[in-house]
Amino acid sequence: MKYRSFKELLEYNAEKYPEYSAFIYGSEKNSLTNREFKERVYKRSEELDKEAFSVLGILCDGSIDCVIEIFACVLTRKQLVLFNQNIPDEILKELIDYTDVDRLYGDEELVEEFEDKLSHGITERNGNILFFTSGTTQRSKAVVLNERSLLASAYNGSDALPLTKDDILLNMLPLDHVFGFVCGLLWGITNQATVALGRGLRHSVEDCLFFRPTALSAVPMLWGFLLKQKAINPELKLVLIGAGDCSDELLQAGKAMGIRISFGYGMTETSSGVAISVEGDPRAMQVCKEDEITIAEDGEILVRADTCMMSGYYKMKQETEEVLKDGILYTGDLGYLDEEGKLHITGRKKEMIIMDDGTKVFLPEYEKELMTVLNNTELCVVKRENSLRLVIQSDEDEESIIAKIKAINDMRPRSQQINKIEKRKEALPRTASGKVKRWEI
Amino acid sequence: MSREEVLNKVIEVVYECAPELEGTPLYENTVINTDTGIDSMGFTLIICRLEATFDVRIPSRQWNKLNTLGAVVDAIYKRLPKDK
């Protein structure tokens with residue numbers, strides 16, 4: 001079913017399945033029924049409605065109280081900003097200013113610490129829900145979404161991968177990430193499945209065996225971790241992987257356990273997934289119901305997703321216009337559509353450097369070769385003054401590095417050869433998911 | 001418990017959690033993500049095991065700052081009860 005608002009979703013679930021568990025959570029495996037969930041959200045919403053603030057920032061810890069606070073705030077139509085609770089103080093301060101947060105919710109100590117560092121708020125109730133991009137190629141931007149776009153995204157995903165009310169969806173992903181919010185939370189609620197709220201990083205090894213989910217949304221690293229730790233419960237039958245590719249080995253391991261693995265492709269800007277693999281090759285993803293994907297001449301993936309598209313980057317008109325033109329999002333990702341119209345991802349446009357002679361260097365591939373010959377993963381390739389430079393954290397002397405990469409250089413045209421080595425003492429700056437922040441190098 | 005004893009125990013736990021490191025020497029100044037190849041989930045596992053081993057709790061907001069084994073040792077050592 002397609003819902004237009006959180007209120008409509010709460011009403012439907014509470015009326016149709018009032019005593020059915022909406023959530024299970026905590027080490028006591030507490031349960032909250034659809035009726036109780038609605039009541040708690042409504043009660044909290046009434047309180048928030050009367051309180052004197054206009055923009056609520058939530059430091060998401062994935063708890064039931066956090067979920068209720070999110071839903072309650074959305075019902076008031078006051079602007080909501082979702083923060084990662086482990087964000088460093090100085091960045092949190094910067095983002096609070098940027099997004100006009102005048103009330104903070106979450107870890108009490110932190111909220112108290114920031115009490116006098118809040119912004120002045122805004123003047124209207126706009127129903128905005130702000131998520132931050134992860135920022136591998138540039139600084140994080142706040143993406144303006146709303147309940148309608150998020151629910152439309154959950155609906156599109158559910159059309160490809162439906163759950164039932166007998167399913168248990170375990171959420172181990174952060175709710176401040178749109179993939180976690182839509183595929184770890186809304187996917188379950190909109191299908192009347194029970195959502196098991198993961199108990200946080202400290203319980204990552206135990207949560208599958210503890211909550212016995214039938215479905216799980218995961219990033220590749222989490223999926224690999226669970227497999228390695230043999231932490232998968234036998235009831236698990238469906239895993240939706242997003243936010244990156246994972247190795248054939250991890251895919252096969254899931255398959256061998258009788259688990260169906262699906263990949264999802266999407267962005268914060270499209271309120272999560274716009275293409276999902278349903279059967280066959282998990283890397284061949286069918287375009288979601290209400291979305292349209294075309295491929296530009298240079299291979300860039302272009303998305304039209306009228307119901308799920310962001311309204312823009314918060315207070316960044318120019319940046320919005322650079323990527324969103326006539327309702328089409330220029331994703332910066334590279335891919336192709338196969339003969340069945342299924343989408344395959346091949347890389348990031350910004351990870352491709354075009355040299356002055358017009359030749360293209362696809363960085364992930366190039367860096368993988370260098371990592372192999374140098375037996376060092378702490379490196380990347382950057383373009384400086386129209387030549388390629390290897391940035392590496394290593395104690396090895398430069399001559400030795402040059403000797404080792406000679407074979408790679410010899411196989412490439414001169415314009416694509418590494419002509420300088422830049423050694424670093426410190427590790428490369430990375431995002432939380434481990435991707436190199438190229439813009440910081 | 002002395003700081004050195006904490007370090008030895010930390011190294012023992014790292015080897016338990018990441019058996020693929022067997023044969024790789026670990027020192028106080030070993031940088032966790034680059035010298036050992038342990039990813040953030042692996043690091044989480046190690047921290048959880050260490051918290052259980054030493055009966056301490058390191059706030060998750062501080063985990064990102066624990067770059068070396070020495071920093072992990074310091075975080076644990078300062079939280080140990082004085083009589084332990």
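These notebook entries record what I looked up in a predicted model of two chains, A and B.

**Entry 1. Chain A as a whole**

I began with the secondary structure of chain A, for which I noted 13 helices and 25 strands. I then asked how far the chain spreads in space. The C-alpha atoms of chain A fill a box of roughly 70 × 50 × 45 Å along the principal axes. The radius of gyration of chain A is 23 Å, which agrees with the value near 22 Å for a compact globule of 441 residues. I also looked up burial: 42% of the 441 residues of chain A count as buried. For contacts in chain A with a separation of 6 or more, I recorded that 60% join residues 24 or more positions apart.

**Entry 2. The sheet of 9 strands**

I turned next to the sheets of chain A. One is an open sheet of 9 strands with mixed pairing, and I wrote down its order as 2-1-9-8-10-11-12-13-14. Strand 2 and strand 14 (286-287) of chain A stand at the edges; each has a single partner strand, so one side of each is left without a neighbour in the sheet.

I followed two pairings within this order. Strand 1 (residues 21-25) and strand 2 (residues 30-33) of chain A run antiparallel and are joined by 4 bridges. Within this pair I found Ser31(A), in strand 2, as the bridge partner of Ile24(A). The hairpin of strands 1 and 2 of chain A has 4 residues between the strands, and there Gly26(A) takes a positive phi near 75 degrees.

The second pairing is parallel: strand 8 (residues 168-171) and strand 9 (residues 194-197) of chain A share 4 bridges. I noted Leu169(A) with its bridge partner Val195(A), which belongs to strand 9 of chain A. As background, I kept in mind that strands of a sheet pair through backbone hydrogen bonds, either parallel or antiparallel.

**Entry 3. The sheet of 6 strands**

I found another open sheet in chain A, with 6 strands in the order 5-3-4-6-7-17 and mixed pairing. Its edge strands are strand 5 (103-105) and strand 17 (312-313) of chain A, and each pairs on one side only. Inside the order I checked strand 4 (residues 79-84) and strand 6 (residues 129-132) of chain A, which pair in the parallel sense over 2 bridges. Leu80(A) stands opposite Ile129(A), a residue of strand 6 of chain A.

**Entry 4. A bent helix**

I looked up helix 13 of chain A, which covers residues 398-410 and has 13 residues. From first C-alpha to last, helix 13 of chain A reaches 17 Å, close to the 18 Å expected at 1.5 Å a residue. At which residue does helix 13 of chain A bend? I located the bend, of about 40 degrees, at Lys404(A).

**Entry 5. Single residues of chain A**

I examined two residues that have a positive phi without being glycines. Arg77(A) has a phi of about 65 degrees, and its place is in the loop between helix 3 (64-76) and strand 4 of chain A. Arg77(A) counts as partly exposed because it has 16 C-beta neighbours inside 10 Å.

Asp326(A) has a positive phi of about 50 degrees. This residue lies in the loop between strand 18 (324-325) and strand 19 (328-337) of chain A. With 5 other C-beta atoms within 10 Å, Asp326(A) is exposed.

I added Glu94(A), which lies in helix 4 (residues 89-99) of chain A. Glu94(A) has 14 C-beta neighbours inside 10 Å and therefore counts as partly exposed. Glu94(A) and Lys117(A) are 23 residues apart in sequence, and their C-alpha atoms are 9.9 Å apart in space.

**Entry 6. Chain B as a whole**

For chain B, I recorded 4 helices and 0 strands. The radius of gyration of chain B is 12 Å, close to the 12 Å that the globule rule gives for 84 residues, so chain B is as compact as a globular protein of that length. Its C-alpha trace spans about 35 × 25 × 20 Å along the principal axes. Of the 84 residues in chain B, 24% are buried.

**Entry 7. Where the chains touch**

Finally, I asked how many residues of each chain take part in the contact. I noted 13 residues of chain B in contact with 13 residues of chain A. On the side of chain B that touches chain A, helix 2 (32-35) and helix 3 (40-54) of chain B each supply at least two residues. Helix 3 of chain B gives the most to this side, with 5 residues. I sorted the residues of this side of chain B into 4 nonpolar, 7 polar and 2 charged.

Note on methods:
Residues are numbered from 1 along each chain as its sequence is written. Chains are lettered from A and ligands numbered from 1 in the order in which they are written. This is a predicted model: local features need pLDDT of at least 70, side-chain atom pairs count only at pLDDT 80 or more; totals for chains, interfaces and linings use all residues. The radius of gyration is taken over C-alpha atoms; the globule rule is 2.2 Å times the number of residues to the power 0.38. A residue is buried if 20 or more other C-beta atoms lie within 10 Å of its own, exposed if 12 or fewer, and partly exposed in between; C-beta atoms are placed from the backbone. Two residues are in contact if their C-beta atoms, placed from the backbone, lie within 7 Å. Ala, Val, Leu, Ile, Met, Phe, Trp, Tyr, Cys and Pro count as nonpolar, Asp, Glu, Lys and Arg as charged, and the others, Gly among them, as polar. The expected span of a helix is 1.5 Å times one less than its number of residues. The bend at a residue is the angle between axes fitted to the seven residues ending there and the seven starting there. Two strands pair if DSSP finds at least two bridges between them.
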